[in-house]
Amino acid sequence: MRLQLCTWPEVEAYLNRSTGIIMPVGSTEQHGPNGFIGTDALCPELIAGAMAEVLDVMIAPTINVGMAQHHLGFPGSMALRPTTLIAVVCDMVKSLSLHGFDRFFFINGHGGNIPTMQAAFAEIYAERSFRDAGGREPQVRCELYNWWRTKDVSKIADEEFGEAEGRHATPSEVSLTYYGYPQDAERVRATPMTPKLAPLGTIYDAEDYRRRFPDGRIGSDPSLATGEIGKRLLAGSAEELTAKYEAFLKEA
Ligand code: NI
């Protein structure tokens with residue numbers, strides 16, 4: 001169930017059953033010539049939705065903008081500085097913990113968020129540890145799962161795309177969004193890729209990124225993306241993350 005579509009008495013009732021919550025976190029950044037700018041937020045959101053079909057679980061509003069300064073050379077990309085994203089994550093977790101939520105299961109859609117998210121979790125733990133170790137507030141735990149680093153997703157991506165999976169604007173993530181948003185996929189899917197396989201390289205700032213990776217892709221060929229493959233990726237990732245969520249709630 002989506003927090004945004006619940007009433008407060010429904011949230012109160014949920015908290016009597018469970019104190020876990022799924023927090024999708026993504027980014028709003030260019031995804032090459034045929035990928036949506038919202039790809040990294042849409043993927044974890046779709047996976048969270050699939051998990052909620054089998055679990056009694058609350059889904060928080062998606063953190064739609066992430067640490068993506070390197071994409072700012074492309075129209076439409078948005079970014080939070082690491083310090084801003086840390087503040088956003090800390091305040092969202094703090095807000096929900098005031099009501100009793102204490103297991104925060106983040107599903108991440110953007111590799112660039114990983115170090116910042118880990119730093120945010122460290123801030124959350126530090127705040128409690130410095131103030132009152134052994135106090136009465138719920139002990140919050142946060143875990144970050146990257147949807148594409150699940151066994152099924154790696155296997156399917158390997159079989160279907162091989163080296164064309166690349167690093168950014170991957171055919172896997174584009175496939176998942178094409179499955180979720182088929183009408184929009186129809187509009188952009190046939191965009192030609194030149195060269196077929198994008199260059200690989202290191203990420204620095206936005207100007208340098210645009211020079212090295214002129215169409216936004218890194219190492220990938222997302223013209224291979226299909227909604228049918230996206231459906232399988234979604235199912236595989238949701239199944240594995242559902243098991244991880246259940247284990248996270250049971251953790252001693
Ligand atoms: Ni992405």
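**Exercise 1. A residue in a loop**

In which loop is Leu200 found? Determine also whether Leu200 is buried or exposed, and which residues are in contact with Leu200 beyond its sequence neighbours.

*Solution.* The structure under study is a predicted model.

Step 1. Leu200 is located in the loop between α7 and α8 (206–212).

Step 2. The relative accessible area of Leu200 is 57%. A residue counts as exposed when this value is over 50%, so Leu200 is exposed.

Step 3. When neighbours within four places in sequence are set aside, Leu200 is in contact with Arg167, Phe213, Ile218 and Gly219.

Step 4. Ser220 stands 20 residues from Leu200 in sequence, and the C-alpha atoms of the two are 8.5 Å apart in space.

**Exercise 2. Backbone geometry in two loops**

Which peptide bond is cis, with omega near -5°? What is the phi of Ala169?

*Solution.* Begin with the general expectation.

Step 1. Most residues other than glycine have a negative phi, and most peptide bonds are trans.

Step 2. The peptide bond from Thr194 to Pro195 is cis, its omega being near -5°. Pro195 belongs to the loop between α7 and α8.

Step 3. Ala169 has a phi near 60°, which is a positive value in a residue other than glycine. Its place is the loop between α5 and α6.

Step 4. Ala169 has a relative accessible area of 0% and is therefore buried.

**Exercise 3. The nickel site**

Which atoms coordinate the nickel ion, and why is their arrangement irregular?

*Solution.* List the donors, then examine the angles and the positions in the chain.

Step 1. The ion is coordinated by NE2 of His31, by OD atoms of Asp40, which is listed twice, and by OE of Glu173, at 1.9 to 2.8 Å.

Step 2. The angles subtended by the four donor atoms run from 51 to 140°. A tetrahedral site would need all angles between 85 and 135 degrees. The range of 51 to 140° makes the arrangement irregular.

Step 3. Along the sequence, the donor residues follow the spacing H-x8-D-x132-E. His31 lies in the loop between β1 (20–25) and α2, whereas Glu173 lies in helix α6 (residues 171–180), so this pair ties together parts that are 142 residues apart in sequence.

Step 4. His31 counts as buried because its relative accessibility is 0%. Glu173, with a relative accessible area of 8%, is buried as well.

**Exercise 4. The surroundings of helix α6**

How many of the ten residues of α6 are buried, and what covers them? Describe then the packing of α2 and α6.

*Solution.* Proceed from the helix to its partners.

Step 1. Eight of the ten residues of α6 are buried, and the helix is mostly covered. The buried residues are Pro171, Ser172, Glu173, Val174, Ser175, Leu176, Thr177 and Tyr178.

Step 2. The cover of these residues includes α2, α5 (151–161), α7 (182–188) and α9.

Step 3. The axes of α2 and α6 are 9 Å apart and pack at an angle of about 65°. Their crossing is left-handed.

Step 4. On the side of α2, the residues that meet α6 are Thr39, Asp40, Leu42, Cys43, Leu46 and Ile47; on the side of α6, they are Glu173, Leu176, Thr177 and Gly180. The residues of this contact comprise five nonpolar, three polar and two charged.

**Exercise 5. The packing of α2 with α9**

At roughly what angle do the axes of α2 and α9 cross, and which residues make the contact?

*Solution.* Treat the helices as a pair, then look at two residues of α9.

Step 1. Helix α2 (residues 39–52) and helix α9 (residues 227–250) have axes that come within 9 Å and cross at roughly 65°. This crossing is right-handed.

Step 2. The contact is formed by Leu46, Ile47, Ala50 and Met51 of α2 with Leu234, Ser237, Ala238, Leu241, Thr242 and Tyr245 of α9. Eight of the contact residues are nonpolar, two are polar and none is charged.

Step 3. Ser237 of α9 counts as buried at 0% relative accessibility. Apart from neighbours within four places in sequence, Ser237 is in contact with Ile47, Trp147, Thr150 and Val153.

Step 4. Leu241, also in helix α9, is buried, with a relative accessible area of 1%. Residues up to four places away in sequence being excluded, Leu241 touches Ile47, Met51, Phe105, Ile107, Tyr145, Trp147 and Thr150.

Technical notes. Residues are numbered from 1 along each chain as its sequence is written. This is a predicted model: local features need pLDDT of at least 70, side-chain atom pairs count only at pLDDT 80 or more; totals for chains, interfaces and linings use all residues. Side-chain values use heavy atoms; hydrogens and water are left out. Axes are lines fitted to C-alpha atoms, for helices over the stretch in contact, and angles run from 0 to 180 degrees between N-to-C directions. Helices (H or I, at least four residues) and strands (E, at least two) are DSSP runs, numbered from the N terminus. A crossing is left-handed if the near helix is turned anticlockwise from the far one by less than a right angle, and right-handed if clockwise. Contact means heavy atoms within 4.5 Å. Ala, Val, Leu, Ile, Met, Phe, Trp, Tyr, Cys and Pro count as nonpolar, Asp, Glu, Lys and Arg as charged, and the others, Gly among them, as polar. Donors are N, O and S atoms within 2.8 Å of the metal (3.2 Å for Na, K and Ca); water is not among the atoms, so sites may look incomplete. Four donors count as tetrahedral if all angles lie between 85 and 135 degrees; four count as square planar and six as octahedral if opposite donors are over 155 degrees apart and all others between 65 and 115; anything else is irregular. Buried means under 20% relative accessible area, exposed over 50%, partly exposed in between (1.4 Å probe, protein chains only).
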